[in-house]
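Please find below a short note on the structure under review. The points concern its packing and its ligand site.

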Amino acid sequence: MHNDKRFATRCIHAGQSPDPTTGAITTPIYLTSTYVQRSPGEFKDGYDYSRSKNPTRQALEDNLAALEGGVRGLSFSSGLGSIDCVLHLLSSGDHVVLCDDVYGGTFRLFKRVFEQLGITFSRVDMTDHDATRAAFTDKTKLVWLETPTNPTLKIIDIAAMAEMAHAKGALLCVDNTFATPALQNPLALGADIVSHSTTKYLGGHADVVGGALIVKDEELGDKLWFNQNSVGAVPSPMDCFLTLRSTKTLHVRMQRHCENAAKVADHLANHKAIEKVVYPGHTTHPQHEVAKKQMSDFGGMITVYLAGGLDAAKRMLERVQIFSLAESLGGVESLIEHPAIMTHGSVPPEERAKIGLTDALVRLSVGIEDVADQIADLDAALA
Ligand code: P1T
């Protein structure tokens, strides 16, 4: 419903029609594991068992598909569950070109789970197009990237990567968790699959762990659904309800996240305790032009390097009061963390060093509190 409308309208209406039984405007939480059949194998609209299909999940999946401009959405019990589903498209011997900076858990899934099953991968700095081209082999079936990357906030040119992947017959999957469809539409830029940790901005309130995949090709959607149903990492109807409730406000939340982050980033850039600020909206960001080309705004994430290294980082992180020291991101409340010790602890130190993920690096997820309070909190913690 309303899939052809503008983004804000899709946030609120896509995938949702009044409930057929009562006219309820809000999609009910269908807490049912199974559905009564008229005769063996005779059931309504594909509803035979809730791992395969559930009306609350269907509404969320249709909503997410409309937000990303795809034809099919699939939702999962975690972001890693959605990545796992894509990797199950591959067979032993296949090769993946992976961007060198990804969430620590994504790296661990490739390295510790799928590599054992015979799937190889090469990590490459995808801002370097020649190096990326050289990373392909005749076995490359998939290109996987995040942009902005977690946590060094590199911006990767999605259209250029799509062209490169397709020239080699590989699929391109973009993890759009940091930007969200409010700011960036990978499918329109040529990606085949969009992946999300809906735990972050899409969920937006730090109360649900979830994931999603969106595609623009029905046949690929069927293959992924087969994997999802066979492996079984599906979300509960309650989690789907909460996520669907949140996507209704995604457009307004993202606007405020971006406004606040831009102000916080400007402030920190002039702070003597900060050695360097990485924010895609700054003209000093090495891929600022790419960000301007493919994003409608620069997001709510900021990465900083503290002048005083690990000790200074720890002192700051212990002192914040509006920002909370915690893993995760993208909620209404501001979070701050130390990736080397926390979210990226599963990436070996030598691999972290290669991408500048040092002990001085601190990652901020700027929430939608009053920005003056956010800045005062950071100043007090850095004093
Ligand atoms: O935590 P989960 O919902 O399973 O999602 C994994 C994931 C996937 N992709 C990106 C870009 C992510 O950032 C994450 C999870 N990240 C954090 C928990 C974090 O604090 O960075």
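The numbered points below take the cores, one helix and the ligand in turn.

1. The model is predicted, and the remarks that follow should be read accordingly.

2. The largest nonpolar core holds 58 residues, and those touching the most other members are Leu268, Ile302, Val304, Ile336, Leu364 and Leu378. Helix α9 (residues 250–269) is the greatest contributor to this core, supplying seven residues. Because both domain 1 (7–247) and domain 2 (251–382) give residues to this core, it lies between them.

3. Leu364 illustrates the packing. Beyond its neighbours within four places in sequence, Leu364 is in contact with Leu268, Ile302, Val304, Ile336 and Leu378, and also with Gly300, Met301, Phe323 and Leu335. Another core lies apart from the one just described; this one has 43 residues, including Phe76, Val124, Leu142 and Val215.

4. Helix α4 (residues 104–114) has Gly104, Gly105, Thr106, Phe107, Leu109, Phe110 and Phe114 as its buried residues. These buried residues pack against helix α3 (79–87) and against the strands β2 (95–99), β3 (120–124) and β4 (140–146).

5. The ligand is surrounded by 19 residues, of which Asp175, Thr199, Lys200, Ser328 and Arg363 are the closest. The side chain of Thr199 places an N or O atom 2.6 Å from an oxygen atom of the ligand. For Ser328, a backbone N or O atom is 2.8 Å from a ligand oxygen atom, while a polar side-chain atom of Ser197 lies 2.9 Å from an oxygen atom of the ligand. On its own the ligand has 470 Å² of accessible area, and the protein covers 93% of that area.

Definitions and conventions:
Residues are numbered from 1 along each chain as its sequence is written. This is a predicted model: local features need pLDDT of at least 70, side-chain atom pairs count only at pLDDT 80 or more; totals for chains, interfaces and linings use all residues. Side-chain values use heavy atoms; hydrogens and water are left out. A nonpolar core is a set of buried Ala, Val, Leu, Ile, Met, Phe, Trp, Tyr and Cys residues joined through side-chain atoms within 4.5 Å. Buried means under 20% relative accessible area, exposed over 50%, partly exposed in between (1.4 Å probe, protein chains only). Helices (H or I, at least four residues) and strands (E, at least two) are DSSP runs, numbered from the N terminus. Domain bounds come from an automatic or database domain assignment. Contact means heavy atoms within 4.5 Å. A residue is near a molecule or strand if one of its heavy atoms lies within 4 Å of it. A polar contact is a pair of N or O atoms within 3.5 Å; within protein, one must be able to donate a hydrogen and the other to accept it, and residues adjacent in sequence count only if both atoms are side-chain atoms. Accessible areas come from the Shrake-Rupley method with a 1.4 Å probe; for residues, only the protein chains shown count as cover.
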